[in-house]
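Trainee: I would like to go through this structure by asking about it piece by piece. Where should we begin?

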Amino acid sequence: MTNHQRKSRNLPPGTLRAPADAQCPKTIHAFRYNAEQCEEGEFASVAEAVAWGRGKGVLWLNINGLGNVDYLQELNRELGFHPLALEDTLHNAQRPKVDVYEGHIYIVVRMFRYQNHRLEREQLSLFLADGVLVTVQEREGDCLDSVRHRLREGAGQVRSRPADYLLYSLLDAVVDSYFPLLEEAGEEIERLQERVLVETGRATLSRIHDMRRELLDLRRGIWPLRDALGTMLRDGETGISPQTQIYLRDCHDHAMRALDMTETYRELAASLMDIYLSCASNRMNEVMKVLTIISTIFIPLTFIAGVYGMNFEHMPELQWRWSYAGVWGLMLLCTLTMVAYFHRKGWLGGSDT
Amino acid sequence: MTNHQRKSRNLPPGTLRAPADAQCPKTIHAFRYNAEQCEEGEFASVAEAVAWGRGKGVLWLNINGLGNVDYLQELNRELGFHPLALEDTLHNAQRPKVDVYEGHIYIVVRMFRYQNHRLEREQLSLFLADGVLVTVQEREGDCLDSVRHRLREGAGQVRSRPADYLLYSLLDAVVDSYFPLLEEAGEEIERLQERVLVETGRATLSRIHDMRRELLDLRRGIWPLRDALGTMLRDGETGISPQTQIYLRDCHDHAMRALDMTETYRELAASLMDIYLSCASNRMNEVMKVLTIISTIFIPLTFIAGVYGMNFEHMPELQWRWSYAGVWGLMLLCTLTMVAYFHRKGWLGGSDT
Amino acid sequence: MTNHQRKSRNLPPGTLRAPADAQCPKTIHAFRYNAEQCEEGEFASVAEAVAWGRGKGVLWLNINGLGNVDYLQELNRELGFHPLALEDTLHNAQRPKVDVYEGHIYIVVRMFRYQNHRLEREQLSLFLADGVLVTVQEREGDCLDSVRHRLREGAGQVRSRPADYLLYSLLDAVVDSYFPLLEEAGEEIERLQERVLVETGRATLSRIHDMRRELLDLRRGIWPLRDALGTMLRDGETGISPQTQIYLRDCHDHAMRALDMTETYRELAASLMDIYLSCASNRMNEVMKVLTIISTIFIPLTFIAGVYGMNFEHMPELQWRWSYAGVWGLMLLCTLTMVAYFHRKGWLGGSDT
Amino acid sequence: MTNHQRKSRNLPPGTLRAPADAQCPKTIHAFRYNAEQCEEGEFASVAEAVAWGRGKGVLWLNINGLGNVDYLQELNRELGFHPLALEDTLHNAQRPKVDVYEGHIYIVVRMFRYQNHRLEREQLSLFLADGVLVTVQEREGDCLDSVRHRLREGAGQVRSRPADYLLYSLLDAVVDSYFPLLEEAGEEIERLQERVLVETGRATLSRIHDMRRELLDLRRGIWPLRDALGTMLRDGETGISPQTQIYLRDCHDHAMRALDMTETYRELAASLMDIYLSCASNRMNEVMKVLTIISTIFIPLTFIAGVYGMNFEHMPELQWRWSYAGVWGLMLLCTLTMVAYFHRKGWLGGSDT
Amino acid sequence: MTNHQRKSRNLPPGTLRAPADAQCPKTIHAFRYNAEQCEEGEFASVAEAVAWGRGKGVLWLNINGLGNVDYLQELNRELGFHPLALEDTLHNAQRPKVDVYEGHIYIVVRMFRYQNHRLEREQLSLFLADGVLVTVQEREGDCLDSVRHRLREGAGQVRSRPADYLLYSLLDAVVDSYFPLLEEAGEEIERLQERVLVETGRATLSRIHDMRRELLDLRRGIWPLRDALGTMLRDGETGISPQTQIYLRDCHDHAMRALDMTETYRELAASLMDIYLSCASNRMNEVMKVLTIISTIFIPLTFIAGVYGMNFEHMPELQWRWSYAGVWGLMLLCTLTMVAYFHRKGWLGGSDT
């Protein structure tokens, strides 16, 4: 079911085989636009879409799901995308990266979303060739609607710019989608800090561990993405125009900021574990104090009572008139001494200590 | 309310939209100065201020608050500042950085101050174009008054130098404002060290965690600033004159020193947590010792008393003349043995152990 | 028995001596292939195999076992492989690396497999000379069958490409074989996380430590391999053709991904140890609470009973009519007070707290 | 009182103002020497000293104390030292560094010494111009007497070499002065390791924390010094002659060694904290065992005695002839069983366990 | 007694003074060899040895002990070795390094051996000049006998190669001597892992700390050695011939492997400390459970017995026929309830939990 169990062993590199549980897309969504207009369509094959859109401004093809290997093979035939890049598209645990092939570049990034209280990860593959951008996702639903909206409305510069600006816009939308997750994580950490001080259930412990795992997951998505964006800024071979590079630099800054936040939250989550241990230790201390106070007060008293419960024939105190009252007095004195001692130690200071 | 919830999803990059809760400035503060004189004014628009001050030495415009987007749009129209830089100005969680645009450079730094016992952060954006410096802050009140004072008094070299020296002066004032905070943090850590040795309340624990969070925050502000300053020193493109670079190098040294201090305090704060745990463990040990001493002394005595409280008919000791005194002797012996044992173990050594 | 005890002290570098417990291969397995056909054979000596296969496309010789030093000496004589490389082949704890010698390159990688619940490591040495690839393994059985299958079936491009593509195919098969192990480790960590929350045996503790050791082992195998692959990509001297480099880059990406996973699992395993300690502390807390609740309820009651077990002659309560019932009432009150106190403290909240 | 509270806010960079509590030197100490002779003198002003010594071989001026700003202003007037360098001289918390100015280089290093059991730090500023070396210290007393001695005695090469060799000699004396401190720290760590195993007072805990703080302090002094020395070795601009660079390389090696030792001791000090916690945990264990052994032996015995202290009319055992002896036998059996159990558990193994 | 106390303060750099407790060698051991023959001799002075051996192939001089400063001065006079290098030779705590001087290179490495269960370190200085190799050790006895043996026997290539190959052979012998120590450390860590699970004496704790200290020591020896070897590989100035560089690269690989092992063992040793703490915590838990089980079973029973030991006149139960048996029944019920509760909690699961 996982990536590598799916990858059967006897296949040569570049073989395209759909993952077993992949969504199988029936159509390809296409945008074609230039500064004047923007049209959309659904096509049954890559060839049709390319025929419809190529050469008329910028063409953006989007494929939702990895189940239809025909589409990927068409991408190779029609647009010349490299089989290795297409194979990476199908294996959904790629490290974010940018690969330069002859005639096109291939970029992988990770999108994240919370689903059923778990951080779900989805791989987004982007192919940029001359005037054509192809995106392949694992599932319906993504964080790219803002870009689609801008294309339809003609807002911003996206329609009047070449395909690499569209690439930037999509990458920017992906990076921006990390921030709500990180802010969510930041707030969760604040909540956990409150909680950890007042209760110590296994649920809290498990939650901190999950938080750490999720932050590691995010970091594994953002760290290499930052590097890939840095490569696109520095490296002349990726074919990004200088105008778009100014924008990509902004996107790179955002990715660095997201990484900063991730690292900060990881440190804070690790610090939470320390607090958890300290609080557990405090609580134990409190339990021990109650036991100790009760025991040290009553054990001597019980001993005194035990002494006068002995059955010796010759115990002169037993016959004395005031000895019963005297014993009570002795016990009271004993108790007061102990209470004074505990008070001086500060052990009676309430549950906060 | 936070940065990215404010950033609505459907806007293209470079769109200027004020944050919801931003202060809305009514005027722009302007300085114009040269070696001979220095004048100040308040203007209702950027255009007026630029008309008043441009070409007459150096012009410094300061905008207090992000609420008035018109001002930023004017900055684009009048001074040609890049929309991306202006957009970053409005999003108040930028990573400190320096961006080179055509005709101007854009710098973001973070100012910190304590407000209601919390470390508040404010973003300061600086634009340096030919002969004009523009600063945009989030709020009234900053750490730049020393520079204003020097401009008014003509103290130092600032009036006789070009705009990049003013830029340096402002950056230097910001970096210098970190040191009192760091010294405060250093003293707080010393205080916490004292406190952690004598009490273990949740308040202390919470304070240590907050300290770590604040130091992480400072680090996130200083680390990239140091890198940005380093870039300005190395990179010929930023257009900083060699005369000013000597001063910037000094500022860079200060930033490195601030970073050194931050890292040192972070290590010490982490070490405090260890001490906290150790002290909690020591205190528990002490509680356990009291319980153990009392219990191990009295439990055997109570047993002896219990034995002679049994009601067997044939217990010859009960009738003996001196057996009651003998039992007291036995108990005393028992107690002394135990006390000697504890003494040898060093458990009676007082509360310091 | 270990590597360096085997290496006797008085031998000059480049001396070939088989490890004491090495498998001694009787034959050499050989493939010779070109785009049209692929033949296999078993040969008794390197010379025969080379005579049979050289110059007829690509020749792949595989030696299973380090026990037959004659074969290695023949490799030196027949193919000119450097004595230092051959010596490294025999010492089975090499760091993965790539060494460029005149006329051939030498690569060492590590293969891993689980055997009897322990991670076993096997060294694979690869020599690439013009048109000839030689592999030397420690034992029968490896992760390279998928490549053999492709050679036999003529699947993929491997038959129509030069020897460096075969090298890539083998390296790729090795790197791919890490993923099932890593996925296994990831699942083991999830299982351990479950287990650590509910039980604290030494077995769990030992398992976490072993897990950390195994992940360190994997990391020691993957980290330098990634560097070696990076060297082969950058370094012109290794003689890898640009066509194959595109594939090697893919393999390099996989190695980086494997390394990422290893690092993530190492962090999670370290975090598990924290959870273990926290859970142990929780459990102790629970034990202490039971003791404390029982003790603090019964110790005062026992004291009361002890008081009325005293044998003083003048204890008026003893003669009163309802004092026995009254004592029971007092005890009940005492108990209820305690239970209420514990309830308020939340100590009666069940085993989850 | 600290550095930045002293630095008043309204001063431009390069303003010289003495720290409030600085020693105020009355004279300047001067050496002038060449291969033949060496003379010393005390002068009231820099101008006099320069007039006396310049051009007659090498001139070394030493100023003890930061209180006399006139001297620093003279350094600017007479020798052309840069105001920023002079300002750094007055602010006594500089990071060790080397700054190249036109006509001179400026070096800051830190000297350390133990005073009243605290690690005191003193800043030493060195200015190297053509044939003149100026040093400024915070206080009387330093680690440079060995160099003065060699100058007076004409020992070694210092008198026959140019001023940069004197600079090297002083830096070497400073770096060498770190080693006794580090060796002291190493021995203290050994002592603490002994102590931590046998006692757990707060004093030990506090001492470990102080040790970590001091090592961090040393590291903050040595780390940037090593970098500064590295810069002087690599960078042609500092004007150090190749002959002297060979010596500086040696000094650089020593600084790296000092840094190595600091890092090692930091790791060991961190490990001591772990040991402290483990030992505290061991001691607690021991206390608990004593309590448990005493309690588990006597609580059942007390119960038995309690049973036969009951006052039921129909308790046949009470009348039996040997039941008292039998009860003692039962108690003995009970005790032996428990002792055997504890023995098997290994809990009676003495205080070492 | 330590290095820097020995180094008296008033000496200029390059002064040669023997350490106080140094072995004083009486003779110098010399090898002279070429491909045909190899002769050995003992000489009273460097001059004699050089006269005997120079120009007749390769000459290797070995000095055992730092006590005879005359020898070192002769090395300066006869062979032109730099005073700084000779001074470093006498100070026996050098960081491993390679220094290039005019006409010779100077290399320092560390040899380690176990002596009385402590890791002893010895400094080996190597000087390589044209056709002459000089080694200076602190003591008799080293790990270089395999090289001597090969020289005498003419095994391997060492006799037919120039002096830099001898240098390589010696460095290789030193690096190889680290592996048995590291394997020893690895086995010790395995033994400690076993031990830590079953006992918690201070000895174990102390041993883990010592292990960490020793590994740090080894790392301080190996890390800079690896860098020095890397320098010799890259840097053209060291004058190592390309033929020998191939061998040095192998030696460099071994040093990296040794470093890898050191790092791995350091991580495992740190993990052992975690296990130690966890086990101590487990053991405490077990002790607490025994106490809790015994206490919670017997405390209620003792209370019941106490109740019927009261001396009230009106306690109807005391006269009933079956009440004694009934009380026993009640006690049994009570005990069974408790045992069932503990069983359900899993506290009776034996010593493994």
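Mentor: Begin with a strand pair in chain C. In β7(C), C:Q137 is the bridge partner of C:N64. Keep in mind that the model is predicted.

Trainee: In which sense do β3(C) and strand β7 of chain C pair, parallel or antiparallel?
Mentor: The bridge between C:N64 and C:Q137 belongs to this pair. Strand β7 of chain C covers residues 132-137, and 6 bridges join it to β3(C). The sense of the pairing is parallel.

Trainee: Which residue of β3(C) is the bridge partner of C:R32?
Mentor: β1(C) also pairs with β3(C), over 5 bridges and in the antiparallel sense. For C:R32, the bridge partner in β3(C) is C:L59.

Trainee: Why is β3(C) described as largely enclosed by the rest of the structure?
Mentor: One side of the strand carries C:V58, C:W60, C:N62 and C:N64, and the other carries C:L59, C:L61 and C:I63. All of these are buried, which leaves both faces covered. β3(C) is largely enclosed because its buried residues number 7 of 7.

Trainee: How many residues of strand β3 in chain A are buried?
Mentor: Strand β3 of chain A spans residues 58-64. A:V58, A:W60, A:N62 and A:N64 are buried on one side, and A:L59, A:L61 and A:I63 are buried on the other. The number of buried residues is 7 of 7.

Trainee: Which residue of β3(A) is the bridge partner of A:H29?
Mentor: Strand β1 of chain A, residues 28-33, runs antiparallel to β3(A), and 5 bridges join them. The partner of A:H29 in β3(A) is A:N62.

Trainee: And which residue of β7(A) is the bridge partner of A:L61?
Mentor: β3(A) runs parallel to strand β7 of chain A, residues 132-137, with 6 bridges between them. In β7(A), the partner of A:L61 is A:V134.

Trainee: Why do the buried residues of α2(C) line one face of the helix?
Mentor: Helix α2 of chain C, residues 46-53, has C:V46, C:A49, C:V50 and C:G53 buried. An α-helix has 3.6 residues a turn, so residues three or four places apart point the same way. Viewed down the axis of α2(C), the buried residues line one face because they fall within an arc of 95°.

Trainee: Which exposed residues does the face of α2(C) turned away from its buried side carry?
Mentor: The buried side of α2(C) packs against β1 (28-33), β2 (38-43), β3 (58-64) and α3 (69-79) of chain C. Just after the helix, C:G55 takes a positive phi of about 80°. The face turned away from the buried side carries C:A47 and C:A51.

Trainee: What radius of gyration does chain A have, set against a compact globule of 353 residues?
Mentor: The C-alpha atoms of chain A fill a box of roughly 120 × 45 × 35 Å along the principal axes. The chain holds 10 helices and 7 strands, and 48% of its residues are buried. A compact globule of 353 residues would have a radius of gyration near 20 Å, whereas chain A has 35 Å.

Trainee: Is E:Q243 buried or partly exposed, and why?
Mentor: E:Q243 lies in helix α9 of chain E, residues 242-307. Its C-alpha is 28 Å from that of E:A49, and the two are 194 residues apart in sequence. A buried residue needs 20 or more neighbours. E:Q243 has 13 C-beta neighbours inside 10 Å, so it counts as partly exposed.

Trainee: Which element gives the most residues to the side of chain D that touches chain B?
Mentor: The contact takes 48 residues from chain D and 55 residues from chain B. On the side of chain D, β4 (97-101), α7 (202-234), α8 (242-307) and α9 (323-345) each give two or more. That side divides into 21 nonpolar, 17 polar and 10 charged residues. With 18 residues, the element that gives the most is α8(D).

Trainee: What kind of rotation axis relates chain D and chain B?
Mentor: A turn of 72° and a shift of 0.0 Å along the axis lay chain D on chain B with an RMSD of 0.1 Å. The two copies are therefore related as by a five-fold rotation axis.

Trainee: In chain D, which residue has the C-alpha nearest the axis?
Mentor: The axis is the one about which a turn of 72° lays chain D on chain B. The nearest C-alpha in chain D lies 4.8 Å from that axis and belongs to D:G309.

Notes:
Residues are numbered from 1 along each chain as its sequence is written. Chains are lettered from A and ligands numbered from 1 in the order in which they are written. This is a predicted model: local features need pLDDT of at least 70, side-chain atom pairs count only at pLDDT 80 or more; totals for chains, interfaces and linings use all residues. Helices (H or I, at least four residues) and strands (E, at least two) are DSSP runs, numbered from the N terminus. A residue is buried if 20 or more other C-beta atoms lie within 10 Å of its own, exposed if 12 or fewer, and partly exposed in between; C-beta atoms are placed from the backbone. Two residues are in contact if their C-beta atoms, placed from the backbone, lie within 7 Å. Ala, Val, Leu, Ile, Met, Phe, Trp, Tyr, Cys and Pro count as nonpolar, Asp, Glu, Lys and Arg as charged, and the others, Gly among them, as polar. Copies are superposed by least squares on the C-alpha atoms of residues with pLDDT of at least 70 in both. The radius of gyration is taken over C-alpha atoms; the globule rule is 2.2 Å times the number of residues to the power 0.38. Two strands pair if DSSP finds at least two bridges between them. The arc is that of the directions from the helix axis to the C-beta atoms.
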